[in-house]
Amino acid sequence: MRHDMMHEVDRGPYESTVTPWEQETWREAALRWAEQGLAAHGLRETGRRSVRVRPWSVLVRMPVAGQGSVWFKANPPASSFEAGLGEALARWVPDHVLRPLAVDAERGWSLLPDGGTLFADVLGDGPAAPRAWEEPLRQYADMQRKLIPYAERLDALGVPSGRTTVLPELFDRLVEANTALESSDREALRALRPLLLDWCAELAGTGIGDSLDHSDLHESQLFAPGPGRFTFFDWGDATVAHPFTSLLVTARVTRARYGPQALPRLRDAYLEPWTGDGRTAAELRRAVSLACRVGAIGRAGAWGRLFPGTYGGQGGAGSIGDPDVARWLRELLSEPLL
């Protein structure tokens, strides 16, 4: 049976996005690889597959006996590092991440087990207390601390750099390349550059080593497989950066859900594992404020890591008439959330 006749394809609002899924030879090879990965683990498919196509990934859900579902994921070339990164994280911080069933790092393919209950489903649609975020943030910070000694190995895996030393150059490239910026925004951002240099220098001066920044940490990017247990996934936006930049997206989504009054407590929960190194609470909070501001540059860069063909034939880091890149760049002109 032709593989393309076996799937429901969800394209969301991205009907015009071009990905390798449209190529029959690629589709056949990818699904054959996934099937071989299932067979290597003695897993048997039991239901109809479903496919989700987005500018940043192709995801195939494969129901299997006794395992819920297994997921095939393909990344664009500019974020193909995620496959090898997932394999490495399973060795370095196994308690915090999924262990892939199979990886093809060269092609950016991963075969991933079901992670259990999404944290988003734990929160649900009701008025869950913001304190629910506290333990996941502590565990995430603990994982980042463990990964500081691996920063150079993360570089070697191809994880993009969002280090304070490279942010000004990335900022310049993004501001000049993005055609979705209004001319007034572009001029305001150019005028901001001296302050950006000061912020980066101050943040680097905290002496906290670079680590892995998920760069898109919200309630649908972690699982809650058991009481007090959390695992983090979906690393395609990741960078090697000052670890505190991770709080930017988390602060935005928690503010939208609970209001700004919830943010100081969640920030302090995240900072608990970072205390005891001779830095005061005020110094750590100041570093969070700086990181949440300059972290917008890393988010803007991540939106450039899309399949070629996205946004009028452009793709790859820094390519960019994407309005989402412009939106993140404009974030630099606002006061930080924390």
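**Exercise 1.** Find the bridge partner of Val103 in strand 6.

*Solution.* Start with Val103: its bridge partner in strand 6 is Ser110. Next, place the elements: strand 5 covers residues 102-104 and strand 6 residues 109-113, where strands are DSSP runs of E with at least two residues and helices are runs of H or I with at least four, numbered from the N terminus. The two strands pair in the antiparallel sense over 3 bridges (pairing needs at least two DSSP bridges). Finally, look at the hairpin they form: 4 residues lie between the strands, and Gly108 takes a positive phi near 70°.

A note on the model: it is predicted, with local features needing pLDDT of at least 70 and side-chain atom pairs 80 or more, while totals for chains, interfaces and linings use all residues. Residues are numbered from 1 along each chain as its sequence is written, and side-chain values use heavy atoms, leaving out hydrogens and water.

**Exercise 2.** Which residue of strand 6 is the bridge partner of Trp71? Is strand 6 buried or exposed?

*Solution.* Trp71 has Leu112 as its partner. Strand 4 (residues 68-74) runs antiparallel to strand 6, joined by 5 bridges. As for cover, 5 of the 5 residues of strand 6 are buried (under 20% relative accessible area with a 1.4 Å probe, protein chains only; exposed is over 50%, partly exposed in between). Trp109, Leu111 and Pro113 lie on one side, Ser110 and Leu112 on the other.
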